[in-house]
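Student: I should like to go through this structure and ask on what grounds each description rests.

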Amino acid sequence: MSTGDATYIKALNKRILLENIIEHQSISRIELSRLTGLNRSTVSSQINHMMEEQLIIERPSEVSYGGRKPILLQMNEAAGYTIGIDFDMPQTQIQIANLLGKPLANYQVQTEDEDVCKNIEKVIENVHDVLKKHRVSESPKGLTGIGIGIHGIVNNDHNIVFTPKVQWNNINMKEAFEKHFDIPIHIDNNANLTVYAEQVYHYPMEDLFSITMYSGIGLGILEGNDIYKGSQGFAGEIGHMIVERNGLQCSCGNKGCWELYASEHALKRTLKAKGYIKHSTDDFDLASIKDESIIEEYLDYMAVGLNNIINIFNPEIVIINSEFMHQHRHLLISLKKRLNSRMNNYQEIVTSSLGKEACSLGGVAISLKEYYGINSLNLSHYPYFDKVDKASIS
């Protein structure tokens, strides 16, 4: 066997072991050998090496099976940190998590300046502040990666091609971050990171679809555990599917795009025009909307896009990431009734419980996946979302 073959096999075995240790939370060497099919000596050799790297720790089992309590292996979650960023206007999220993807704090940064360079500088400064606050440099591994979600088109080279919301064109944000952080920087469309967060934290399925419906609409697609991006990275811009010929003018250049009728921003724009709210950013009480046709028309437009997505992709589960729909989940019944084509075939439509934190959590998760060099990351058994610290940086 050549050195190259041996190195490849060693990396493959490490990946398999890491995936199983993470998924099972704590597991013995014997059980690892049984699950993976690797012999015990290979398992022990790999585990010893990862313990030297401080990635794995041992602890005695709390349960005895008649003899000595078995020694269990688990990830050393305190060994380092990762950062996920939802880069948006007028507010950007910075999520910090440990090496098991556990969210530790979510910081809000005001990014209201239209100058993208100033916003990038401000976010970088705040990331440094977060790292100091959590004393990241004192951990064995320090900061292991940063994942950044952008509300626009990001190509396969991680460059920002265009953001309809604030008209950013051809921005190399990755290079700006790499000047300050000597770690892998991953930049992707926010919908892509959102669907990855859903898979990692809640739905460990190889194929998954998630629709984000806030200021715009984006579709995140997972196919075989990989984010589907198309030939250049532009896949999933479903919000710019035309649903009204010669309809409202969109910043993308077309008219009648779906997100102008079915995003949360579109709903609030209608409510503002009807006098139910003063500003398009205001919250509202569904019970206060006396004109039922507003919500009915909104659901009609949502159904148009969903019908198209379901007919094209035939998904098992569709996740709708919408604060409005999650707060009013009873509306899913009305929405599903509108999906009455005999060609429609799906198992379930659900709302996301990750909400607006999904993108930054996806940034955390994608960074961890790359750091460990694994194919899949399954944290769905970890009870992470009972108490998450909410914080802000001025």
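Tutor: Let us begin with a pair of residues in a predicted model: Ser 210 has Gly 220, in strand 13, as its bridge partner.

Student: What makes strand 12 and strand 13 a pair?

Tutor: Pairing requires at least two bridges between the strands. Strand 12 (residues 208-213) is joined to strand 13 by six bridges, so the requirement of at least two is met. The two strands run antiparallel. They belong to an open sheet of five strands, in the order 14-13-12-15-16, in which the pairing is mixed.

Student: Why are strand 14 and strand 16 said to stand at the edges?

Tutor: Strand 14 (226-227) and strand 16 (348-351) each have a single partner strand, so one side of each lacks a neighbour in the sheet.

Student: How do you know that strand 8 and strand 9 pair?

Tutor: Two bridges join strand 8 to strand 9 (residues 160-163), and at least two are needed, so the strands count as paired. Ile 153 stands opposite Phe 162 in strand 9. The open sheet here has three strands in the order 8-9-10, with antiparallel pairing. Strand 8 (153-154) and strand 10 (168-171) are its edges, because each has a single partner strand.

Student: Why is Thr 111 called buried?

Tutor: Thr 111 has a relative accessible area of 0%; the term applies under 20%, so the residue qualifies as buried. Thr 111 is found in the loop between strand 6 (103-110) and helix 4 (116-133). Residues that Thr 111 touches include Met 89, Pro 90, Asn 119 and Val 123.

Student: What makes the approach of Thr 111 to the side chain of Thr 92 a polar contact?

Tutor: The two side chains are 3.1 Å apart, and the cut-off for a pair of N or O atoms is 3.5 Å, so the distance satisfies it. The side chain of Thr 111 also reaches the backbone oxygen of Asp 88, at 2.7 Å.

Student: Which residues that line the largest pocket are the closest to its centre?

Tutor: The largest pocket has a volume of about 1400 Å³. Of its 49 lining residues, Asp 88, Lys 165, Tyr 214, Ser 215 and Lys 356 are the closest to the centre. Helix 8 gives the most to the lining, with four residues.

Student: How do the residues of that lining divide by kind?

Tutor: The lining comprises 13 nonpolar, 24 polar and 12 charged residues. Tyr counts as nonpolar, so Tyr 214 belongs to that group, whereas Asp and Lys count as charged.

Conventions: Residues numbered from 1 in each chain as written. Predicted model: local features only at pLDDT ≥ 70, side-chain atom pairs only at ≥ 80, totals over all residues. Heavy atoms only, no water. Buried < 20%, exposed > 50% of the residue type's maximum accessible area, 1.4 Å probe, protein only. Polar contact = N/O pair within 3.5 Å; in protein donor to acceptor, adjacent residues only side chain to side chain. Contact = heavy atoms within 4.5 Å. 1 Å grid on protein atoms, 1.4 Å probe; cavity = no way out; pocket = protein on both sides within 12 Å on 5 of 7 lines; lining within 4 Å. Points joined across faces, edges and corners; volume = space filled by probe spheres on them. Lists of a residue's contacts leave out its neighbours within four places in sequence.
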